[in-house]
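Student: Hey, can we go through this structure together? I'd like to start with how charged side chains pair up.

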Amino acid sequence: PHQVTGFLRRAHLHKRKDGLWGLAVYDHVQIGRALRNLLDETLKQIGAERENKEYLFTYDPSEVIEEILVKGEVPETVSHQFYSTPRDTAKEFVEWVSPNPDDICYETSAGTGAIAQEMPLSTYCVEVNKLRCMALSKLGFEVTEGDFLRLKPADLVGHADVVMMNPPFAQQSWKSHFLHGVNFVRPGGVVAAILPASAVEAMPEIEGTPVEYSSPMQGRFPNVSITIVYAKWCRPDQKGQGAEQGSEAA
């Protein structure tokens, strides 16, 4: 909407003493609730969090904002069912999976990298949306722009130790993403995801190996009424035993 692009043209971007980048209008412009909601939703798509009247970024968003102003477009939430993972949920999820610090990892459907930022340093991202890819690159990640379901391990850096994701939920897309992720892990490797609670019954095992689930959780995504679980599956090693990785289910 032109109200959003108008705000972005008037907004001032500055680097704060705490290392974050702040974006705000300081000329006492009154922003109504409807516009504020639009701004919240738009800027959240490129990794912003609002603190009072200022939008905060962990990277310099100037190039991403310029791309929005030039094209008049923002990442499409509905078409790719993108819902950014809240930081506390991302942190808890990664702790639940417990990847090792030297693991080679992927975050697929990476969005703005909330999960990846909690993962080991050797984490590679996959994201379908160009603007979010730009945001991930600004955060320092190596990112592949594309639909994860159309990729194979050779398109990235080969088979990984850990694949983590918050996939789209609509029409059981989550299942396609999770099962495709299975192809990306080495023997002993782990695929883990944030999934709807219905996954517990819909996907009890893969290739004869059980999927481990956390307890159901509610209210984890703002303005989205859905019960979620954490899920992980370990590919058996050559001896037929899964690697011991991650904590017990909550």
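Tutor: Sure, let's begin with a definition: a salt bridge is a side-chain nitrogen of Lys or Arg within 4 Å of a carboxyl oxygen of Asp or Glu. The side chains of D155 and K152 form one, at 3.6 Å from N to O.

Student: Before we go on, what kind of model is this, and how are residues numbered?

Tutor: The model is predicted, so local features need pLDDT of at least 70 and side-chain atom pairs count only at pLDDT 80 or more, while totals for chains, interfaces and linings use all residues. Residues are numbered from 1 along each chain as its sequence is written, and side-chain values use heavy atoms, with hydrogens and water left out.

Student: OK. How many salt bridges does the rule give?

Tutor: The count comes to 15 salt bridges.

Student: And is D155 buried, exposed or something in between?

Tutor: D155 is partly exposed, with a relative accessible area of 34%. Buried means under 20% relative accessible area, exposed means over 50%, and partly exposed is in between, using a 1.4 Å probe and protein chains only.

Student: Which residue pairs with R16?

Tutor: R16 meets E51 in a salt bridge, 3.2 Å from N to O. This pair links distant parts of the chain, 35 residues apart: R16 is in the loop between β1 (12–15) and β2 (21–24), and E51 is in strand β3 (residues 49–51). Helices (H or I, at least four residues) and strands (E, at least two) are DSSP runs, numbered from the N terminus.

Student: Where do those two stand on burial?

Tutor: R16 counts as buried because its relative accessibility is 19%. E51, at 39%, counts as partly exposed.

Student: Which other salt bridge could I look at?

Tutor: Try E127 and R132, whose closest N and O atoms are 3.1 Å apart. E127 is buried at 3% relative accessible area, and R132 is buried at 1%. Elsewhere, salt bridges that share partners join R16, D18, E51 and E54 into one network.

Student: What does the side chain of D18 reach?

Tutor: D18 sits in the loop between β1 and β2 and is partly exposed, at 48% relative accessibility. Its side chain makes a polar contact with the side chain of R16 at 2.5 Å. The D18 side chain also reaches the backbone nitrogen of L20 at 3.0 Å. A polar contact is a pair of N or O atoms within 3.5 Å; within protein, one must be able to donate a hydrogen and the other to accept it, and residues adjacent in sequence count only if both atoms are side-chain atoms.

Student: Switching topic: what's in the middle of the nonpolar stuff?

Tutor: In soluble globular proteins, nonpolar side chains tend to be buried together. Here the largest nonpolar core has 24 residues, and V163, F178, V191, L195, M203, Y213 and W233 have the most contacts inside it. Such a core is a set of buried Ala, Val, Leu, Ile, Met, Phe, Trp, Tyr and Cys residues joined through side-chain atoms within 4.5 Å.

Student: Which element gives the most to that core?

Tutor: That's β9, with 4 residues. At least two residues each come from β8 (160–165), α7 (173–182), β9 (185–196) and β13 (228–234). Apart from this core lies another, of 22 residues, among them V4, L43, I46 and I65.

Student: What does V191 touch?

Tutor: Leaving aside neighbours within four places in sequence, V191 is in contact with residues including V163, F178 and W233. Contact means heavy atoms within 4.5 Å.

Student: What about the strands, what order do they take?

Tutor: An open sheet of 7 strands runs β7-β6-β5-β8-β9-β13-β12, with mixed pairing. Two strands pair if DSSP finds at least two bridges between them. β7 (142–145) and β12 (212–213) are at the edges with a single partner strand each, so one side of each has no neighbour in the sheet.

Student: How does β5 fit in?

Tutor: β5 runs parallel to strand β6 (residues 123–127), joined by 3 bridges, and C105 has T123 as its bridge partner there. β5 also pairs with β8 in the parallel sense over 4 bridges, where Y106 has V163 as its partner.

Student: Which way do the residues of β5 point?

Tutor: C105 and E107 point one way from β5 (residues 105–108), Y106 and T108 point the other way, and all are buried.
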